[in-house]
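Let's take a friendly walk through this structure together. Keep the 3D view open as you read.

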Amino acid sequence: MRLSPLSGVLLAACLTQTAFADTTSVKTQTVVEVTKQGAHCEQDPNCFNRYHPNIKPIARANPGDLIIVHTRDALDSNLNINSQPKDVTAIDLNLVHPMTGPIHIEGAKRGDVLAVTLINIKPDEYGYTTIVPGFGFLADKYSEPFVANWKLNRMEAVSEQLPGVRIPMNGFMGSVGVLPGEPEVQKWLERESQLAKAGGVALPPEPTGARPPEICGPNGSDKGHCLRTIPPRENGGNMDVKQMVEGTTLLLPCFIDGCGFFIGDVHYAQGDGEVAGTAIEMGATVTVKAEIRPGMASVVRQPMFEGGSQLKKLEPDRFHAVVGYPFKEAGEVPPQWSYLDSEKIKPLTQLSNDVTMAARNSLLTMIEWLQSEKGLTKEQAYVVTSVACDLRISNVVDVPNYAVTTICPLEIFDN
């Protein structure tokens with residue numbers, strides 16, 4: 001076919017237009033972006049680290065808006081790529097879990113449900129995993145500090161402290177939630193106080209280092225009623241659920257009008273259990289979209305989440321697994337049981353129907369296997385289990401030996 005001169009000119013013009021067309025300026029979404037200011041939470045008016053309904057929103061968004069949130073690392077620390085174990089001991093745990101927010105969702109009422117879909121996580125270039133003495137699932141076994149400094153990109157994390165280990169990115173929001181209302185603050189403080197009186201682990205309000213200071217600090221208006229962010233509760237918060245990856249939708253009951261939505265403590269990757277107390281912790285830029293499900297808090301009374309095929313992508317290609325049972329050494333009182341009748345369980349070599357002890361037995365055996373078969377130190381193995389290996393409840397019926405399995409992906413050791 002032969003083109004006329006005019007047709008050739010028109011065709012060339014169309015091709016030229018197509019080749020140089022630019023869609024960057026075409027916008028289809030309303031964006032609400034909340035940034036960080038200053039080096040730490042204490043310098044940032046968009047940051048808080050306690051929960052109370054009197055904390056004022058720092059931004060407002062409509063349902064369906066793209067909400068972009070810039071977050072800080074979980075410890076609000078000065079850790080960097082050259083950090084040493086001694087730097088871990090300088091961390092102030094009163095500052096943990098700096099949250100970016102709260103964000104008021106227009107039209108949301110107490111009694112509604114906020115449906116938050118995670119769209120994207122952009123990681124910082126640096127992350128860390130720490131062993132903090134006295135903290136973590138095996139706190140009684142690890143008394144020395146340790147830190148793994150990770151170089152991050154969207155594909156994988158590598159660390160000089162764990163040579164030969166590569167952790168793929170499976171990012172999620174370690175802490176995400178809504179503010180409690182006054183009734184929830186009173187209820188949760190009461191039950192945690194009862195637990196503390198029984199000798200259990202419960203963290204009372206602590207004004208030192210609290211943000212915002214005018215509400216939760218030493219001279220704050222509600223300093224005795226600002227909840228700590230370490231335990232997750234019905235409002236979400238520090239849930240550390242690795243399956244809440246991009247594409248999943250988190251359902252949160254609203255306890256105040258506007259919900260008081262926040263994000264923080266983003267994880268690059270984590271094993272189910274986060275057993276060392278930290279995952280691969282990082283700052284990040286998170287994009288979500290929120291919708292309102294009116295009146296649904298009567299059904300969704302605590303966090304739930306939903307999705308599609310995301311869980312399949314989290315499964316390993318190859319693995320080694322250890323099945324654990326509620327066994328222990330005679331004379332041993334694991335820290336999780338120390339607040340109960342420890343003298344009764346002290347001489348026993350197994351406990352009845354105990355998921356915690358089964359998880360501990362499985363995890364300790366996996367750490368021994370990693371040391372023996374992969375040449376890792378005790379600390380390196382603990383970090384690997386925290387960032388990559390999954391604790392799975394296998395059965396809670398085969399009395400007295402409930403079973404928990406630790407599954408470790410072997411592809412993380414591939415060169």
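## Strands side by side

In this predicted model, strand β16, made of residues 319–324, pairs with β18 through 6 bridges, and the two run in the antiparallel sense. To see one of these pairings up close, look for Val323, whose bridge partner in β18 is Thr405.

Strand β18 also pairs with β17 (residues 390–395): 5 bridges join these two strands, again antiparallel. Here you can find Ile393 opposite Val404 of β18.

## A strand under cover

Is strand β18 buried or exposed? It spans residues 403–409, and 7 of its 7 residues are buried, so this strand is largely enclosed by the rest of the structure.

In a regular strand, side chains alternate between the two faces of the sheet. Now look at β18 from each side: Ala403, Thr405, Ile407 and Pro409 are buried on one face, while Val404, Thr406 and Cys408 are buried on the other. Both faces are therefore covered, where buried means under 20% relative accessible area.

## The nonpolar cores

Which residues have the most contacts inside the largest nonpolar core? They are Trp150 and Ile167, in a core of 84 residues. Helix α7 (residues 355–374) gives the most to this core, contributing 6 residues.

Try clicking on Ile167. Setting aside neighbours within four places in sequence, its contacts include Trp150, Met155, Tyr268, Ile280, Val387 and Ile412. Apart from the core of 84 residues, there is another of 9 residues, among them Ile91, Val96, Tyr128 and Val147.

Key. Residues are numbered from 1 along each chain as its sequence is written. This is a predicted model: local features need pLDDT of at least 70, side-chain atom pairs count only at pLDDT 80 or more; totals for chains, interfaces and linings use all residues. Side-chain values use heavy atoms; hydrogens and water are left out. Buried means under 20% relative accessible area, exposed over 50%, partly exposed in between (1.4 Å probe, protein chains only). Helices (H or I, at least four residues) and strands (E, at least two) are DSSP runs, numbered from the N terminus. Two strands pair if DSSP finds at least two bridges between them. A nonpolar core is a set of buried Ala, Val, Leu, Ile, Met, Phe, Trp, Tyr and Cys residues joined through side-chain atoms within 4.5 Å. Contact means heavy atoms within 4.5 Å.
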